[in-house]
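Reader: I should like to discuss how the descriptive terms applied to this structure are justified. Please show it first.

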2 protein chains.
Amino acid sequence: MSKLFLVGMGPGDTDLVSPKATQVVNQCSDLVAYGLYLDLLGDICEGKIHHDLPLGEEIARARLALELAASGKTTALISSGDIGIYAMATLVFELLDQQIKGAENCPEWLDVEIEVVPGISAMQAGAAKAGAMLGHDFCTVSLSDLLTPWETIEKRIHSAGAGDFVVSFYNPVSKKRDWQLNTARDILLKYRPAETPVLIGRQLTREDENIELITLAELDAKNVDMFTLVMVGNSESQHIVYNDKQWVYTPRGYKKKL
Amino acid sequence: MSKLFLVGMGPGDTDLVSPKATQVVNQCSDLVAYGLYLDLLGDICEGKIHHDLPLGEEIARARLALELAASGKTTALISSGDIGIYAMATLVFELLDQQIKGAENCPEWLDVEIEVVPGISAMQAGAAKAGAMLGHDFCTVSLSDLLTPWETIEKRIHSAGAGDFVVSFYNPVSKKRDWQLNTARDILLKYRPAETPVLIGRQLTREDENIELITLAELDAKNVDMFTLVMVGNSESQHIVYNDKQWVYTPRGYKKKL
């Protein structure tokens, strides 16, 4: 049986890799991933054939994973975070869909048994480190306009503002792309106060992790890089400070019952 | 040092409990949780003092956890899924906030060291089992109007529709509450096609797991209970069927590059 696992390895800390993820990687002969993720995981991936394709080669990576599995090699396509959230899993299904529709010429892909293993996403790691910002309704918006028209992204930011959702921005900036985050900030400022708490989480759960709590008015793309999660509270999110501690949380509304 | 861990144990499958969660529970003398979750987890929780408070006693559970920790007992407040997502973590911070503001009389709470351990949420388990529905921008909406006014919930469903977000409904129904889900369906039908894929995931990753893929028009509260996750695709989500397999995924837009 040809088998392809699509595996999310969590934000970086090996203690947040699920036992399920470790088990399925152990069953595999071949691992397909952007090299940096494999480095982060260390021991778990030792003794396997690594197929390391650079960032930007996502389609080639998904094809390679399907081809390896179809050739009989038990294979894992690996991403950090949750492979189902802005990651490689959807691309594998998009390729299968194209094959079903006759737009690809790889019928052997359809014999591959696929299993998806979820992982802790960056927004969850960030929220946990800083408190409970995801305590009430939230949304995620990717600011990358490589595959999604900016008009669609802008419409979503307006909807996130109008609905007063906590917003996690994925892909907030890249080397070539920096204006979108400040535009997103300006849109949200039309819907919620300037002092709304914002969490800036860089390299979450990794050795050089850095977390800052600022306000929406202070948010600036120049302080954010591509390893950063940006999470904006809703109009009720609170930043609390006492002794040497600080937290942010979004209430569910228990206050009236306390 | 007084220590309180707020720990998410994932959707149910012990192989999705992070090593971090297992480690911190092992350090604790006292566990506070709704009993069903402890039963699901079995061995991990053995040999600890269990403080089992029923559903509906959330505030009492959060207070008890803070009190136990403040009294010097290393304590874990446990939930299924991610304790930061519609769960107990935010309530602990809400209580601390009330103490800071002088509305509680428990200064000892502020000496407790708190650490939050995230977990795999139901939407991630559901998306993974059925494909990659969370592959592009998504939101979560709780349909419980116990703590949130229905007008706010309705506004959020309209925003989710207008922004064309994939929508995960948490708390879709309860024993006393069943009309909200059908109203939510009717709102979303104003924004996206009747054939939009919907994932109905019951008891995800547990022994009696059941997953159905239907359309938005077919969604009906009478087929949903309080152990069910309901996830509605966006206008581009695809339901694919071949051989004996079926999947749902939300494309990121690679198609034009394939």
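Reader: In the hairpin of β12(B) and β13(B), which residue takes a positive phi?
Author: In this predicted model, B:Asn243 does, with a phi near 45°. The hairpin has 2 residues between its strands.

Reader: What makes β12(B) and β13(B) a pair of strands, and in which sense do they run, parallel or antiparallel?
Author: Pairing requires at least two bridges between the strands. Strand β12 (residues 238-242) of chain B and β13(B) share 5 bridges, in the antiparallel sense; the requirement is therefore met. One of the bridges joins B:Tyr242 to B:Lys245 of β13(B).

Reader: How do you know that β6 of chain B also pairs with β13 of chain B?
Author: Strand β6 (residues 131-132) and strand β13 (residues 245-249) of chain B are joined by 2 bridges. Since at least two bridges are needed, this pair qualifies. The two strands run parallel, and B:Gly131 has B:Val248 as its bridge partner in β13(B).

Reader: Why are β3 and β5 of chain B said to stand at the edges?
Author: The open sheet has 5 strands in the order β3-β2-β4-β1-β5 (chain B), with parallel pairing. β3 (49-52) and β5 (113-117) each have a single partner strand, so one side of each is left without a neighbour in the sheet. On average, and with direction ignored, neighbouring strands of this sheet are turned by 20° against each other.

Reader: How many bridges support the pairing of β1 with β4 in chain B?
Author: Strand β1 (residues 3-8) and strand β4 (residues 75-79) of chain B pair over 5 bridges in the parallel sense. Among these residues, B:Val7 has B:Ile78 of β4(B) as its bridge partner.

Reader: Why are α3(B) and α4(B) called roughly perpendicular?
Author: Helix α3 (residues 58-70) of chain B packs against α4(B) at an angle of about 70°, with the axes 9 Å apart. Angles of 65 to 115 degrees count as roughly perpendicular, so the term applies to this pair. The crossing of α3(B) and α4(B) is right-handed. The contact is made by B:Glu58, B:Ile59, B:Ala62, B:Arg63, B:Ala65 and B:Leu66 of α3(B), together with B:Leu91, B:Val92 and B:Leu95 of α4(B). By class, these residues divide into 7 nonpolar, no polar and 2 charged.

Reader: At what angle do α3 and α4 of chain A pack?
Author: Helix α3 (residues 58-70) and helix α4 (residues 89-100) of chain A pack at about 70°, with their axes 9 Å apart. They are therefore roughly perpendicular to each other. Their crossing is right-handed.

Reader: Which element supplies the largest share of the side of chain B that touches chain A?
Author: In total, 61 residues of chain B are in contact with 61 residues of chain A. Helix α4 (residues 89-100) of chain B gives the largest share of the chain B side, 9 residues. That side divides into 33 nonpolar, 17 polar and 11 charged residues.

Reader: What makes up the contact between the domains of chain A?
Author: The domain assignment gives domain 1 (3-120) and domain 2 (123-257). Between them, 6 residues of domain 1 of chain A are in contact with 7 residues of domain 2 of chain A. The domain 1 side has 4 nonpolar, 1 polar and 1 charged residues. The C-alpha centres of the two domains lie 28 Å apart.

Note on methods: Residues are numbered from 1 along each chain as its sequence is written. Chains are lettered from A and ligands numbered from 1 in the order in which they are written. This is a predicted model: local features need pLDDT of at least 70, side-chain atom pairs count only at pLDDT 80 or more; totals for chains, interfaces and linings use all residues. Helices (H or I, at least four residues) and strands (E, at least two) are DSSP runs, numbered from the N terminus. Two residues are in contact if their C-beta atoms, placed from the backbone, lie within 7 Å. Ala, Val, Leu, Ile, Met, Phe, Trp, Tyr, Cys and Pro count as nonpolar, Asp, Glu, Lys and Arg as charged, and the others, Gly among them, as polar. Axes are lines fitted to C-alpha atoms, for helices over the stretch in contact, and angles run from 0 to 180 degrees between N-to-C directions. Angles under 35 degrees count as roughly parallel, over 145 as roughly antiparallel, 65 to 115 as roughly perpendicular and the rest as oblique. A crossing is left-handed if the near helix is turned anticlockwise from the far one by less than a right angle, and right-handed if clockwise. Domain bounds come from an automatic or database domain assignment.
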